[in-house]
Amino acid sequence: MTALRAACRTVLDASWRPTDGFCPPNPTVYPHQWLWDSCFHTIAWAALGDRRGVTELGSCLRGQLPSGFVPHMRYLGPTVDRGPLPDRSSYTQPPIYAHAARVLHEAGFALPVETLPAIGRALEWLWRDRRTDDGLVYLVHPWESGADDSPRWDSWIGLDSYDRDSYRDVDRRLVTDTVYDDDGAARWSHSFVAAPAAFNALVAHAFGELAHLTDDSMWADRSAELAASIDRLLWHDESGLWQDGAIVGGGSSVAVPTLDGALPLLVTDDAEKASRVLDQLLDPARFAAPYGLRYVWADHPRYDPDAYWRGPAWPQLNYLVWVAARRWGRDDLAAEIAGWSRAAAVRSGFAEFWNPETGAGRGAIPQGWAALAAVYP
Ligand code: GLC
C-alpha cells in the first residue's frame with residue numbers, strides 16, 4: 001500500500017465508530033453522521049478494499065423514514081436544530097448512496113439485500129415529493145445542497161458580499177420558514193425553494209446508477225427525463241454552465257459561476273454543452289488552479305480562495321467532476337484532477353477543503369472525505 005493510501009486509511013480509522021458503523025466527518029467539528037459524507041467515506045473504503053464501506057452505507061440509510069425520505073444528519077447525542085425530528089435532520093442531502101452502492105458492487109463487495117430497495121424508496125421520495133411543476137427536483141434549505149454558503153444562495157440570503165454570520169442567521173430562520181410533512185420531513189418553504197443544477201444532476205445520476213444495479217428501465221427513463229429537463233431549463237449560455245432555478249425567493253445569484261454548474265456533465269447527452277464546460281475546468285482564469293478545482297471562477301468578484309464555500313477546492317466535488325471527466329473520455333482532465341487532489345490531500349493535512357492557489361488546508365483537519373484521494377489510480 002502506498003503512503004498516500006495508508007494515510008487515507010488512517011484518517012477514516014481514526015474517526016470510525018464500530019458500534020454505530022460510520023465515521024463522523026471530523027469527530028470534533030462535525031460529531032454526527034452526515035449523509036453525503038458517509039457515502040463518500042463508503043467510496044473511499046471501497047478503494048481501500050475495506051468492507052467497512054458496506055457497513056457505512058447501510059448506516060446512513062438507517063435514518064430513512066417509512067416515506068422513503070433519508071435525513072441529511074443523524075445525531076450522536078444531543079438534538080441539533082434541523083427541524084422537528086429529535087434524532088435526525090428533517091432535511092436531506094445529495095443522494096450519493098446510489099453511486100456509492102455501484103462503487104461497492106464494482107469493487108466486488110456484496111450488498112445486503114435491503115440496500116437497493118432502500119435506495120429505490122429514497123429516490124422515489126425525491127421524484128414523488130420533491131418536484132416542481134416543470135419536473136425539476138427542488139430543495140428547501142441550502143443545507144440540502146451540501147454547499148451551505150455558496151454564492152449561488154446570496155440573493156436568498158439578501159447579501160451583496162459574504163458575511164458568515166448573516167448566513168447563519170438566515171439558515172436558522174429558514175428552519176422556521178420550512179413546511180414539514182406529517183412524518184417531520186421538509187416538504188416546502190415560504191422563503192427558500194431552489195432547483196439547483198448540481199442537485200438535479202446528482203439525482204439523475206443516482207437514477208442511472210440504480211438502473212444499472214437493478215436492470216429496471218424505469219430508473220433509466222427517469223434519469224434521461226431529468227437530464228433533458230436540466231438541459232432545457234437550466235442551461236446558461238452566457239457563462240457556459242448550468243444555473244439553478246429560483247422557485248421561491250432568490251434571483252440574480254443563481255448564475256454565479258460555481259462548480260455546481262458543471263455537475264450536469266454527469267448526465268447530459270449534449271456534447272456541445274459538455275465541451276464548453278469541460279474546457280473551463282482546465283482554464284486557469286476559471287476553475288483550474290495549482291491545487292484545483294476552484295469552486296468559483298478565479299476572475300469572478302465573489303471568488304475568495306479561503307472562505308467556506310466561496311472559492312476553495314473540495315475533495316468530494318473534485319471526485320464527482322473526475323467521474324464526469326471519465327464519462328466524457330477526458331483523460332487529460334481526469335489526470336489533472338487526480339494530481340491536484342492527491343497533492344492537496346497531503347499538503348492540506350487531509351483537510352475538509354483547501355485554498356486552491358496554495359493547497360493550504362481549511363475547515364476541519366482531518367476530514368473523512370479527504371480519504372477520497374485513495375480512489376485515484
Ligand atoms: C458542512 C458542509 C456539508 C457537509 C458537512 C459535514 O456543513 O457544507 O456539505 O456535509 O459540513 O462535513
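## Cavities

Among the elements lining the largest cavity, α8 gives the most, with 3 residues; helices here are DSSP runs of H or I of at least four residues, numbered from the N terminus. This is a predicted model, in which local features need pLDDT of at least 70 and side-chain atom pairs count only at pLDDT 80 or more, while totals for chains, interfaces and linings use all residues. Residues are numbered from 1 along each chain as its sequence is written, and side-chain values use heavy atoms, with hydrogens and water left out.

The structure holds 2 cavities of 30 Å³ or more, a cavity being a set of points, on a 1 Å grid over the protein atoms alone, where a 1.4 Å probe fits but cannot get out, with lining residues having an atom within 4 Å of a point. The largest cavity encloses about 100 Å³ of space, and of its 16 lining residues Ser-145, Ala-147, Ala-198, Phe-199 and Asp-260 are the closest to its centre. Its lining has 11 nonpolar, 2 polar and 3 charged residues, whereas that of the second largest cavity, with a volume of about 40 Å³, has 7 nonpolar, 1 polar and no charged residues. In this classification Ala, Val, Leu, Ile, Met, Phe, Trp, Tyr, Cys and Pro count as nonpolar, Asp, Glu, Lys and Arg as charged, and the others, Gly among them, as polar.

## Pockets

A pocket is an open set of grid points with protein on both sides within 12 Å along at least five of seven lines, and a volume is the space filled by probe spheres set on points joined across faces, edges and corners. The largest pocket has a volume of about 450 Å³, and Tyr-30, Trp-34, Arg-82, Asp-148 and Tyr-308 are the closest to its centre among the 26 residues that line it. By class, this lining has 12 nonpolar, 5 polar and 9 charged residues, and its largest share, 5 residues, comes from α7.

## Ligand surroundings

The residues near the ligand (a heavy atom within 4 Å) include Tyr-30, Trp-34, Asp-148 and Tyr-308. Polar contacts, which are pairs of N or O atoms within 3.5 Å, link oxygen atoms of the ligand to a side-chain atom of Trp-36 at 3.0 Å, to a backbone atom of Gly-146 at 2.5 Å and to a side-chain atom of Tyr-308 at 3.0 Å. Taken alone the ligand exposes 310 Å², of which the protein buries 96%, with accessible areas taken from the Shrake-Rupley method with a 1.4 Å probe.

Key: Helix = DSSP H or I, 4+ residues; strand = E, 2+ residues; numbered from the N terminus. Polar contact = N/O pair within 3.5 Å; in protein donor to acceptor, adjacent residues only side chain to side chain.
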